[in-house]
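Hello,

Here is the structure you will be working with. My notes on it follow below.

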Amino acid sequence: MGEDGCVTSAPQRPDGPIPTPRLIATDLDGTLLRDDKSVSLRTVAALAAAEEAGIEVFFVTGRPARWMDVVSDHVHGHGLAICANGAAVVDLHAGRKFVQVRALPRVTAMTVVETLRAAAPGTSFAVELTTGINYEPLYPPFFQDPGAHVATAEKLLQEDADDTSAPVLKLLAHHSELAPDEFLALARSAAGTYASITRSSPTALLEISALGVSKASTLELCCAERGISHTEVVAFGDMPNDVEMLSWAGTSYAMGNAHPAVIAAASGRTVANNEDGVAVVIERILAERAAYQR
């Protein structure tokens, strides 16, 4: 669940009629996916119906490419997904092949590590690469990766740091004592001039990308390639890492379980992820389109 009371009544739509979008952009965890990480049959049907109607669907997530199997069967048409908060565009039809990478320079990551160690003693780090994740001994084992290397962040970022090394997609920073939003505000104040810092976890776990890299900026690039303007995009999200995307999209919805910052950024609000809030809106968009075409 998110960090605000759930909306269980009818969605609150933006003022005025909603034009038929050309692209739907949706977050996954806490948004499209239910809390058990499943995609409901209703949502599967809504996504397929949108694509059938000629509306492209982009999954835009903080997840790395290797965790995209949960939705790989539900990507139609282009097969692309935006992963790692905009640091990568992957082709799910081609075995999660990287199509575009917007890497975090290792020297910048080192500066952020040094800065956050000073600003928030007790911070532990993980390094997300195109090849997998490596982490420090004190970093919480949220997801075990049998291929991970365990060492200090400084060593992990220095190892094989040449032109042949795997690109760094994002740096992860965890604190066991600070509140999540407190840690985010502190990190942005201390290191926000070096990198883009956000969060999507209910814990004090920050996600750090190259400066200017976000779900919104990469989605904008993908839309520009298709001649799609922000006014033709409908976006969905629930956590702070969705704020820029929801602010950029012409029409946007905070989930009923969304963080307060997401509710403030979105132009509308739908029901919670466990009630298929994304599907509810897609169904309404398609129904309005069908009624208009009669």
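**Strand β10 and its neighbours**

Strand β10 covers residues 205–210, and 6 of its 6 residues are buried, so the strand is largely enclosed by the rest of the structure. Please keep in mind that this is a predicted model.

β10 has pairing partners in β8 and β9. Strand β8, residues 168–174, runs antiparallel to β10 and is joined to it by 4 bridges. Within that pairing, Leu172 has Glu207 of β10 as its bridge partner. Strand β9, residues 195–199, is also antiparallel to β10, with 5 bridges between them. Here Ser196 is the residue that stands opposite Ser209 in β10.

β9 and β10 together make a hairpin, and 5 residues lie between the two strands. Ser201 is found in that loop between β9 and β10. Is Ser201 buried or exposed? Its relative accessible area is 14%, under the 20% cut-off, so Ser201 counts as buried. Ser201 can also be placed relative to Asn241: the two are 40 residues apart along the chain, and their C-alpha atoms are separated by 9.5 Å.

**The open sheet**

The model also contains an open sheet of 8 strands with mixed pairing, in the order β5-β4-β3-β2-β1-β11-β12-β13. Its edge strands are β5 and β13 (268–269), each of which pairs on one side only. Strands of a sheet pair through backbone hydrogen bonds, either parallel or antiparallel.

One pairing in this sheet is that of β3, residues 80–83, with β4: the two are antiparallel over 4 bridges. In this pair, Ile82 faces its opposite number Val89 in β4.

**Backbone angles to check**

If you look at the backbone, two loop residues deserve a line each. Lys37 is not a glycine, yet its phi is positive, near 70°. Lys37 sits in the loop between α1 (28–32) and α2 (41–52). Its relative accessibility is 40%, so Lys37 counts as partly exposed.

Arg96 is the other entry: its phi is about 65°, again positive in a residue that is not a glycine. The loop that holds Arg96 runs between β4 (88–91) and β5 (97–101). With a relative accessibility of 31%, Arg96 counts as partly exposed.

**The chain as a whole**

How many helices and strands does the chain have? There are 10 helices and 13 strands.

For overall size, the C-alpha trace spans about 65 × 40 × 30 Å along its principal axes. The radius of gyration is 19 Å, which agrees with the value near 19 Å that a compact globule of 294 residues would have.

Of the 294 residues, 55% count as buried. Among contacts with a separation of 6 or more, 60% involve residues 24 or more positions apart. The chain exposes about 12,400 Å², and carbon and sulfur atoms supply 54% of that area.

For the charges, the chain has 22 positive and 36 negative ones. The mean positions of these two sets are 4 Å apart.

Regards

Notes: Residues numbered from 1 in each chain as written. Predicted model: local features only at pLDDT ≥ 70, side-chain atom pairs only at ≥ 80, totals over all residues. Heavy atoms only, no water. Rg over C-alpha atoms; globule rule 2.2 N^0.38 Å. Buried < 20%, exposed > 50% of the residue type's maximum accessible area, 1.4 Å probe, protein only. Contact = heavy atoms within 4.5 Å. Areas by Shrake-Rupley, 256 points an atom, 1.4 Å probe, with all protein chains shown as cover. Lys, Arg positive; Asp, Glu negative; His and termini not counted. Charge placed at Lys NZ, Arg CZ, Asp CG, Glu CD. Pairing = 2+ DSSP bridges.
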